[in-house]
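Please open the structure in a viewer and keep the selection panel at hand. The tour begins with the whole chain and then proceeds to individual residues.

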Amino acid sequence: MKELSPLAKRIIICIILTLVVGAAVFYVWLPPLNPQSEDFWSFLSLLTIVACLPFFGLKLTKKNVRGKGSVSIEKDGKFRKWILIVIAVPIVIPIIGGFASSTLFNAKDYASVISVTESDFAADMPESTEITNIALMDTDSARMLGNKELGSLSDVISQYNLSDYYTQINYKGSPKKVANLEYDDFFKWLGNKDKGVPGMVMVDPVGSSAEYLKFKKPMYYVESAFFGQDLFRKLRFSYPTKIFNSVSFEIDENGDPYYIVACSRPQVGLFGAHDIEEVIIFDPCDGSSEIYPVEETPSWIDIVYTGQLACEKYNWHGTLSGGFFNSIIGNVGCKVATDDFGYIVIGDDVWYFTGVTSAVSSDKSNIGFIISNARTGEYKFYPVIGAEEHSAMAAAQGEVQEKGYVASFPSLVNIAGEATYIMVLKDAAGLVKLYALVNVENYSIVATGTTQTEAMNAYKLLLRQNDVDIGDTETDKSTDITVENVRIIENSGVSTVYVTAEGGNVYKGYLSTDEALILVRTGDRLTVSYTETDTARIFLISSWNFSE
């Protein structure tokens, strides 16, 4: 048999080496096989270098030293300059493509990725007659409740951990946060891979409670699994060309688990302005999946676009509409989203909201705010001038500054046509102590309460006192009472006046909203307007006067 030529040997080595290294790297790295992904070009660059190694002018030489064989790498004097060109191609192309895709040349294209509709807040946003259905809990508090619930299940906690990633969903008309169980490490997966992941924790951010829910069928393909059960490996081998933007865990209305995988594609040039184009609905119980165009995403799904992407796209729109150089030098008309976002549930959809401020403004105010649908990507802008979120948080914290409570990032509600921030105040242990409402346009109007209902009623009282027409309300009632007892109690930093009337009813008010309550004494006759609270026979004073 004729011996192969040196060139043929190098080619064979090149093919074998490239296939082996390429397969190993692809299995571990899982880059998309898509030229519009930066990872693809990094992967291709690595393979090109590996493929060219046999042609670098090196050769393996066998030597016999003192009766022992050895192999060394030596130059064969035949370095091929074309190798540099081959290696440079997959490096230079993404550099040129990235530069050509930048905002410098494509500012208007970036700005037009989304369209933003200006709307009227009072007319467009459903008015909240009560706020007991508003999800105010942040992820940190959800983790605390979830871990506490899981800690009570000894048979589960010994084998699984709870994911740190909670998804905000709308489940059967109520806001919930959900997180699945996951394997703690490789050995926990090895010991339980045949059983799968049995359940999840659902946190009620309104009632501040959590419950463990066992799946009808366990999940096998999850983020914390290994080898063939690894979620991303399963997805990549099923969809080798897709660019995965985000993965979120959700459940459908039957409580069955799914991973919602948003797939993006650059909208500008080779790499610029990634936006969601398709959605994969992946069943982690059996590994099956379906892919939909983003506009055909089933309505039970809540999260397709992340809040970070929603803010980034708005910033493209807000800063680049006037061109690239205007965004750098003039800043005429440039506006940006504030540095965080909250959640609002409207109808059956979850929306992100964040304030909008001038790109050159140094004060702590908003020129409006936007909401963005987390499933459809729709945007609306509301030109409500007022405090930005962190200023409102500081105002709420200032009401009880001696307690050192920390405000969560707020949600947004419409109360009597007034744009209003609502948030919780937590102690150092992360426990919710108070609820607070802050008027967006006038953040000196701050009301707090130990329950959402109390905070709402106190806020409405403040609106009346500040000559804001909140309309007639059927919940306001009036009666004449004789004061039997008066007590002032400090509760979580709030001075509350409790007026006990003859007959046993108790009427409460806050010194922060009505200092004149300190004048009430035992035996006084009062005419009291009031609203109901969460507790029977205890009412919140809306207004009062001494009777003759």
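**The whole chain**

Begin with a cartoon representation of the protein chain, which in this predicted model comprises 13 helices and 29 strands. Rotate the C-alpha trace onto its principal axes; the spans are about 120 × 60 × 45 Å. The radius of gyration is 31 Å, whereas a compact globule of 548 residues would have a value near 24 Å.

Next, colour the chain by burial: 49% of the 548 residues count as buried. If a surface is displayed, about 26500 Å² of the protein chain is exposed, with carbon and sulfur atoms supplying 54% of that area. For the charges, select the 45 positive and 67 negative ones; their mean positions lie 18 Å apart. A contact map restricted to separations of 6 or more would assign 53% of the contacts to residues 24 or more positions apart.

**Thr338**

Select Thr338, in the loop that connects β13 (335-337) with β14 (342-346). Is Thr338 buried or exposed? Its relative accessible area is 12%, so Thr338 counts as buried, the cut-off being under 20%. Show the side chains of Thr338 and Glu389 as sticks: a polar contact of 3.1 Å joins them. Beyond residues up to four places away in sequence, Thr338 touches Thr354, Gly355, Asn366, Glu388 and Glu389.

**Pro240**

Move to Pro240, placed in the loop between α9 (231-238) and β9 (243-251). Pro240 has a relative accessibility of 31% and therefore counts as partly exposed. Which residues should be displayed around Pro240, leaving aside its neighbours within four places in sequence? Those in contact with Pro240 are Pro31, Pro32 and Leu33. To gauge the scale of the model, draw a distance from Pro240 to Gly398: these residues are 158 apart along the chain, and their C-alpha atoms are separated by 53 Å.

**Two residues with positive phi**

Select Lys172, in the loop between β5 (167-171) and β6 (174-183). Although not a glycine, Lys172 has a positive phi of about 55°. With 56% relative accessibility, Lys172 counts as exposed.

Finish at Phe227, which lies in the loop between β8 (209-219) and α9. Phe227 is likewise not a glycine, and its phi is positive, at about 55°. The relative accessible area of Phe227 is 45%, so this residue is classed as partly exposed.

Definitions and conventions: Residues numbered from 1 in each chain as written. Predicted model: local features only at pLDDT ≥ 70, side-chain atom pairs only at ≥ 80, totals over all residues. Heavy atoms only, no water. Helix = DSSP H or I, 4+ residues; strand = E, 2+ residues; numbered from the N terminus. Rg over C-alpha atoms; globule rule 2.2 N^0.38 Å. Buried < 20%, exposed > 50% of the residue type's maximum accessible area, 1.4 Å probe, protein only. Contact = heavy atoms within 4.5 Å. Areas by Shrake-Rupley, 256 points an atom, 1.4 Å probe, with all protein chains shown as cover. Lys, Arg positive; Asp, Glu negative; His and termini not counted. Charge placed at Lys NZ, Arg CZ, Asp CG, Glu CD. Polar contact = N/O pair within 3.5 Å; in protein donor to acceptor, adjacent residues only side chain to side chain.
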